[in-house]
Protein chains: 2
Amino acid sequence: MEQQKALTRLHDITREASLVASVISGLSWDQETYMPSGAIDWRAEQTSYLTGLLHEKVVNPDIAGLLAALGVSPENPLGDPSLPARERGYLRVVQRRYLRETKLPASLVTELAKVQSLGQAAWVEARTKNDFPAFMPFLERILELDREAAKCYGYSKSPYDALIEDYEVGATEAQIKEIFAPMEAGIVDLVGRIEAKGKRANPCEGKKWPAAQQEAFSRRVMVDMGYDLARGRLDITAHPFTTNLGSDDVRITTRYLEDNVLSALFSTVHEAGHALYEQGFDPEIRNDWLADGASMGVHESQSRFWENVVARSLPFWRRYYPELQGLFPSQLSGVGVEDFHRAANIVERSPIRVEADEVTYGLHIILRFKLESALLSGDLAVADLPAAWAAESQRLLGFKPKNDAQGCLQDVHWSMGLVGYFPSYALGNLYCAQFLNAMEKEIGSVETLVGKGEFGAILSWLRKNVHHFGKEKLPSEIVLQATGEPLSSHYFLGNLERKYTELYGL
Amino acid sequence: MEQQKALTRLHDITREASLVASVISGLSWDQETYMPSGAIDWRAEQTSYLTGLLHEKVVNPDIAGLLAALGVSPENPLGDPSLPARERGYLRVVQRRYLRETKLPASLVTELAKVQSLGQAAWVEARTKNDFPAFMPFLERILELDREAAKCYGYSKSPYDALIEDYEVGATEAQIKEIFAPMEAGIVDLVGRIEAKGKRANPCEGKKWPAAQQEAFSRRVMVDMGYDLARGRLDITAHPFTTNLGSDDVRITTRYLEDNVLSALFSTVHEAGHALYEQGFDPEIRNDWLADGASMGVHESQSRFWENVVARSLPFWRRYYPELQGLFPSQLSGVGVEDFHRAANIVERSPIRVEADEVTYGLHIILRFKLESALLSGDLAVADLPAAWAAESQRLLGFKPKNDAQGCLQDVHWSMGLVGYFPSYALGNLYCAQFLNAMEKEIGSVETLVGKGEFGAILSWLRKNVHHFGKEKLPSEIVLQATGEPLSSHYFLGNLERKYTELYGL
């Protein structure tokens, strides 16, 4: 009875924190979609104030006592064994966040929020104008504050370890390096063999694809996937993202490039994959602290799954291509579905991460991982970032970006203080491949289901094995339970090898 | 020095309250523009929580001590005479709000916010489906809570007196009745004489006006008026409104009726008039408690000014009609500018308030004033509202609405708990006419300026005499200082008489 009371009180506290967090998400969504430019300073104050309030709620000293009353301690993160499994998972999440956030002074939290909000607006402008120097002071300040945060969290090897924890619980810089080394080698080898086959012609190049038709097609696909528009919406931003203003308000954004018919579609499918995860939490955990991805890596596995496994497959295009042709009759006249599918899977080293094919994508991540780690440690000065980017791009991709907008200004992450996030994208690919392998043992060929438009069977498997839990289980538990093995890069490289051997006749 | 410290501390408190209030406005704006339908329950919780937080800030007991330290008391609302005039106006606003809001229990404030958020969503649906019974329980609950609030505020004559104070400081139900009696008589008489001239043909009737062109035209006009899109934006909602998410983020909404070329334009101009007021506060008072209209009546005077005085004038149409004809060449072919101007000023008793002409408009207000007062006192049961609406409509307008969507469900106000607001619209007409008269003594004929597109001179007068102050002065002070006399209905009826005598050859 006393335990029940403690649990209820704890949920009251965390639900109120979720409420504030969801309002902050709303402000941030608005800032990137509809906010007039002149509102930015006040918006930064709003965000900073609410972030401070959220921090207060998360470090509410009552939490310590309530956790203790429920048998939770650093040695026993799941608390009293008599509690239901879901509540024990919840307690682990609460303690972890409480212990972590109590290490940060409130002034750092609000200052970071303010600088992030301003930095993001400055990034949008700097990117549009290709003006890295204008963004430099923001990035310098963000890194300073990130370093300070890392110091507060504490770390044994590198400050990067302290930050990556926010995105992939338990991961370290050294581990990521270990995972990335064979991945880099495998990708470089595969890309080399693909390129030896010569450049593949793209029948979609050099044409104009009006945004309105692109949007109609993207919307059709995202709804077919199972994305619920009564609990979400699609808008346009400089950088596509998914956010939730509550578990019943999961919004995605995309951007339309009129010279590229696939960019917006793949972005939308990617973000809808994230959104399906957030819309798929068990109703009982919605709008509380379990209502979140197990990790950003697991989150990225969901977006990658829909983007790469589903929307880049031949059966997908056999199903949807006639519709696309109907929307773009002149542009696609004379282009067969196999040609189009091959065009959707052209492997080619290119400058923009979000438009990269699934093979070279990992190289973009390795580049960012190396640079952000160096920026954070101070080994790389912000002023030297463009040159370092050019050098890494040369090494990994074989060319230098033609300007900063296409180079170190292309991604939103650092402007938002998200240092340590990028590896999640690569981990997502590994989780994704491993989930696919396990899923097919249970429900048969995913490509066959996609060809029949039976997305429901796929979504059900993901809901049952991944979405449903939210943060109740650790990523390692989810992958082990769903696939029978710990995470490995084995499936990812194997799948790539198989797919591209066939596509390129290697 | 001690005073300066107290003043700074007080501004810190009120600015933080403004910050929370502006976030609530953002949630409410989002709810009416872009929020997915499934998000409503959580949105109501967000709004309710933040409204409770705002209430806490407004009733912060420190305020009482700070006001006392600054020499403020109910007998001396402006505080220490050595303080600058602006600060003294600020102190009056702070004390008034503090004394008023401390009378409400926090539970009532949060409950009201929740019911308003849900009630508004229920209203949108009920209106769409013409389903008054579905809305009834919400309206009943809102009225119950409004009655409770009135009891907390206290009143000597009617609960209505306690609520109208929120919109028109110092006004009472009895005063409004007194103002409305000659207004009703004057309008009814004028309408009678106009109708005796026979029904005027409307060359715009029975045609289709695509929304895209309507929007282009409305945007052109609102920008010409001086509305700053870097500090605002225009969106579409079921019911047009203006809101601010901060003094540099003043947003307006409109709606496009494809069978009516003028409805959206006049709505947009009306809301842009409100927005010019909010964008026109002195930069020094922005984002604090002085950054608000002197009263809703004064606010409405600004919207009415641009809608009726400017956008319904012949010089306005001489200037803009060629552009409108360019957007709608087939619809307007053969329609001369004088015909169009007469169509824009047709006086005709019609069912929808926001589409009413400026003569019959007041009758819609009188109807609502009477009914909301009866609803609040309990003399009229919610279940009997449709019948009472029909009876009043018959009496004042000469017909019954064909359904509730066109009757008692047409306005958003009651669903948001805004009982006591409607008289502001009529007071706005009186302020507007009186301002016009004073303005012309200073800057010459407004119609001449409009004809030359010199909106700047008009806006400057309004900025200097009205906008600039925000809430620093009472409405009675503003009108006296700007026009040399207290508010009267004399100018309003006189202006109407002159304008329509000419238009209808009375």
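This report covers the fold of chain A, the contact between chains A and B, and selected residues in a predicted model.

## Chain A overall

Chain A is built from 20 helices and 3 strands. Its radius of gyration is 23 Å, close to the 23 Å that the globule rule gives for 506 residues, so chain A is as compact as a globular protein of that length. Along the principal axes, the C-alpha atoms fill a box of roughly 70 × 50 × 45 Å.

Of the 506 residues in chain A, 58% are buried. Long-range contacts are counted here between residues at least 6 apart in sequence; 73% of these join residues at least 24 apart.

One example of sequence distance against spatial distance involves A:Ala181. This residue lies in helix α8 (residues 173-195) of chain A. A:Ala181 is partly exposed, with a relative accessible area of 47%. A:Ala181 and A:Ile366 are 185 residues apart in sequence. In space, their C-alpha atoms are 9.1 Å apart.

## The contact between the chains

Each chain has a stake in the contact: 35 residues come from chain B and 35 from chain A. About 2700 Å² is buried between the two chains. Carbon and sulfur atoms give 61% of that area. On the chain B side, B:Leu19, B:Trp42 and B:Tyr49 lose the most area to chain A. Together they account for 26% of what that side buries.

Polar links are also present. There are 18 residue pairs in polar contact between chain B and chain A, counting pairs with both residues at pLDDT 80 or more. Two elements of chain B, α1 (2-33) and α2 (40-58), give two or more residues to the side that touches chain A. The largest share, 10 residues, comes from α1(B). By class, this side of chain B has 16 nonpolar, 8 polar and 11 charged residues.

## Salt bridges across the contact

The two chains are joined by 6 salt bridges. One pairs A:Arg43 with B:Asp249, with the closest N and O atoms 3.6 Å apart. Salt bridges that share partners join A:Asp30, A:Arg43, B:Asp249 and B:Arg251 into one network. Side chains of opposite charge can pair when their charged atoms come close.

## Salt bridges within the chains

Over all chains, the structure holds 78 salt bridges. In chain A, A:Arg86 pairs with A:Glu284, and the closest N and O atoms are 3.2 Å apart. This pair links distant parts of the chain, 198 residues apart. A:Arg86 sits in helix α4 (residues 85-101). A:Glu284 sits in the loop between α10 (263-279) and α11 (296-310). A:Glu284 is exposed: its relative accessible area is 68%, and the cut-off for exposed is over 50%.

In chain B, B:Arg220 forms a salt bridge with B:Glu323. The closest N and O atoms are 2.5 Å apart. This pair, too, links distant parts of its chain: B:Arg220 is in helix α9 (residues 211-225) and B:Glu323 is in helix α12 (residues 314-327), 103 residues apart. B:Arg220 is partly exposed, at 35% relative accessible area. B:Glu323 counts as partly exposed, at 29%.

A further chain B salt bridge has a buried setting. The side chains of B:Arg312 and B:Glu307 meet at 2.8 Å, N to O. Both residues are buried.

## A buried loop serine

B:Ser415 is found in the loop between α15 (385-397) and α16 (423-443) of chain B. B:Ser415 is buried because its relative accessible area is 1%, and buried means under 20%.

A polar atom of the B:Ser415 side chain lies 2.6 Å from the backbone oxygen of B:Val412. Neighbours within four places in sequence are set aside for the next list. Beyond them, B:Ser415 is in contact with B:Gln116, B:Gly119, B:Gln120, B:Trp123, B:Phe135 and B:Ile142.

How values were computed: Residues numbered from 1 in each chain as written. Chains lettered and ligands numbered in written order. Heavy atoms only, no water. Contact = heavy atoms within 4.5 Å. Buried area = accessible area lost by both parts, 1.4 Å probe. Salt bridge = Lys/Arg side-chain N within 4 Å of Asp/Glu carboxyl O. Polar contact = N/O pair within 3.5 Å; in protein donor to acceptor, adjacent residues only side chain to side chain. Helix = DSSP H or I, 4+ residues; strand = E, 2+ residues; numbered from the N terminus. Nonpolar A, V, L, I, M, F, W, Y, C, P; charged D, E, K, R; others polar. Rg over C-alpha atoms; globule rule 2.2 N^0.38 Å. Buried < 20%, exposed > 50% of the residue type's maximum accessible area, 1.4 Å probe, protein only.
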